[in-house]
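Let's take a walk through a protein model together. Have the picture open while you read, and try to find each spot as we get to it.

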Amino acid sequence: MAPLRFSANVSWLFPELASLSARLRAAGSSGFQAAEIGWPYAEPPEALARAAREAGLQLVLINTPPGDREKGEMGLGAVPGRQAAFREGLEQAVLYAKALGCPRIHLMAGRVPQGADRAAVRGEMETVFLENLRHAAGVLAQWPRSGGPDRPCPLLSLCFWCCPWSHGPRPGLSPAAAILQKAGSPNLQLQMDMFHWQIMDGNLTGNIREFLPIVGHVQVAQVPGRGEPSSPGELNFPYLFQLLEEEGYKGFVGCEYQPQGDTVEGLSWLRSYWDKRGHPRAGH
């Protein structure tokens with residue numbers, strides 16, 4: 001079994017440092033060889049690429065822009081009437097991803113519009129999301145990765161909990177899987193955010209085994225506090241990490257959690273994992 005490869009989500013880790021560039025350097029100094037950035041758009045892509053390069057980091061994931069966060073927006077992929085803004089944001093994400101050499105973009109679906117009835121807008125939101133997913137998949141299909149035609153185009157990650165119209169009494173993961181099937185694009189995959197998977201559906205063992213074949217990226221945080229995997233909570237991460245290994249997961253595991261104290265001290269769980277399995281280099 002190959003050991004897991006971890007990436008530091010610097011939008012969450014190292015909050016004691018103000019800039020993303022400084023956080024990237026701290027991630028490299030802490031032993032990471034990969035990183036991800038939720039929203040990198042406040043800093044020039046060239047500066048981020050330089051910081052990552054100097055830190056010896058591979059950038060593996062960014063999100064599409066969230067939209068107007070002051071109005072409560074958290075992504076635009078499924079929001080009716082915001083298709084033009086979504087496409088503008090996608091162009092910006094592609095610009096950053098190219099500059100950063102980043103192979104994955106997480107398409108943020110967004111939330112049910114304020115004041116709208118969830119059931120009433122379900123059909124329209126799914127239609128908009130499918131339209132935007134297909135558009136994004138087509139855009140990125142034109143962008144081969146460096147290394148020649150034998151390497152596939154970048155993958156788009158869709159987090160299942162971002163099917164906002166499907167929220168309700170334990171909707172399960174089937175809505176997201178169905179969306180991917182309907183979209184019918186080979187460069188679309190699922191993002192396994194264990195924090196949200198546990199909250200929305202539970203049954204992590206069964207869901208990991210069922211859906212891992214269509215998963216392109218994993219993120220971890222403890223439930224319910226969203227702290228380190230080693231912090232008190234519902235999830236047994238040593239078991240879950242071993243399960244991912246046994247199931248043959250080859251992608252990255254993003255550390256998208258809120259440190260409960262000093263970030264470096266809180267990485268003791270990861271250092272323990274590395275000590276037990278060796279410290280794999282990103283991309284190896």
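What follows is a short tour of strands, a pair of helices and a few residues worth finding. Keep in mind that this is a predicted model.

**The strands**

Start with strand β1, which covers residues 5-9. How many of its residues are buried? The count is 5 of 5, so β1 is mostly covered (buried here means under 20% relative accessible area). Now look at which way the side chains go. In a regular strand, side chains alternate between the two faces of the sheet. You can see this in β1: Arg5, Ser7 and Asn9 point one way, while Phe6 and Ala8 point the other way, and all of them are buried.

Next, find the partners of β1. Strand β8 (residues 252-255) runs parallel to β1 and is joined to it by 4 bridges. Here Ser7 sits opposite Gly254 of β8. β1 also pairs with β2, again in the parallel sense, over 2 bridges. In that pairing Ala8 faces Ala35 of β2.

From Ala35 you can hop one strand further. Strand β2 (residues 34-37) is joined to β3 in parallel by 4 bridges, and Leu59 is the bridge partner of Ala35 in β3. Strand β3 itself spans residues 58-63 and is mostly covered, with 5 of its 6 residues buried.

**Two helices side by side**

Two packed helices are described by the angle between their axes and the distance between the axes. Try that on helix α1 (residues 20-29) and helix α2 (residues 45-55): their axes come within 8 Å and cross at roughly 15 degrees. Angles under 35 degrees count as roughly parallel, so α1 and α2 are roughly parallel to each other. The crossing of α1 past α2 is right-handed.

Which residues make the contact? On the α1 side they are Leu20, Ser21, Leu24, Arg25 and Gly28, and on the α2 side Ala47, Leu48, Ala51, Ala52 and Ala55. Sorted by class, this contact has 7 nonpolar, 2 polar and 1 charged residues.

**Backbone oddities in the loops**

Two residues other than glycine have a positive phi, and here is where to find them.

| Residue | Phi | Place | Relative accessibility |
|---|---|---|---|
| Phe14 | near 60 degrees | loop between β1 and α1 | 1% |
| Arg226 | near 60 degrees | loop between β7 and α8 | 16% |

Are they buried or exposed? Phe14 counts as buried because its relative accessibility is 1%, and Arg226 counts as buried because its value is 16%.

The loop between β7 (215-220) and α8 (237-246) also holds Pro224. A cis peptide bond joins Val223 to Pro224, with omega about 10 degrees.

**One last stop: Phe86**

Finish in helix α3 (residues 83-100), where Phe86 is found. Phe86 has a relative accessible area of 3%, so this residue is buried. What does Phe86 touch, leaving aside its neighbours within four places in sequence? Phe86 is in contact with Leu76, Gly77, Leu107 and Asn132. You can also check a distance: the C-alpha atoms of Phe86 and Thr64 are separated by 8.3 Å, and the two residues are 22 residues apart along the chain.

Definitions and conventions: Residues numbered from 1 in each chain as written. Predicted model: local features only at pLDDT ≥ 70, side-chain atom pairs only at ≥ 80, totals over all residues. Heavy atoms only, no water. Axes fitted to C-alpha atoms, helices over the stretch in contact; angles between N-to-C directions. Parallel < 35°, antiparallel > 145°, perpendicular 65-115°, else oblique. Left-handed = near helix turned anticlockwise from the far one by under 90°. Contact = heavy atoms within 4.5 Å. Nonpolar A, V, L, I, M, F, W, Y, C, P; charged D, E, K, R; others polar. Buried < 20%, exposed > 50% of the residue type's maximum accessible area, 1.4 Å probe, protein only. Pairing = 2+ DSSP bridges.
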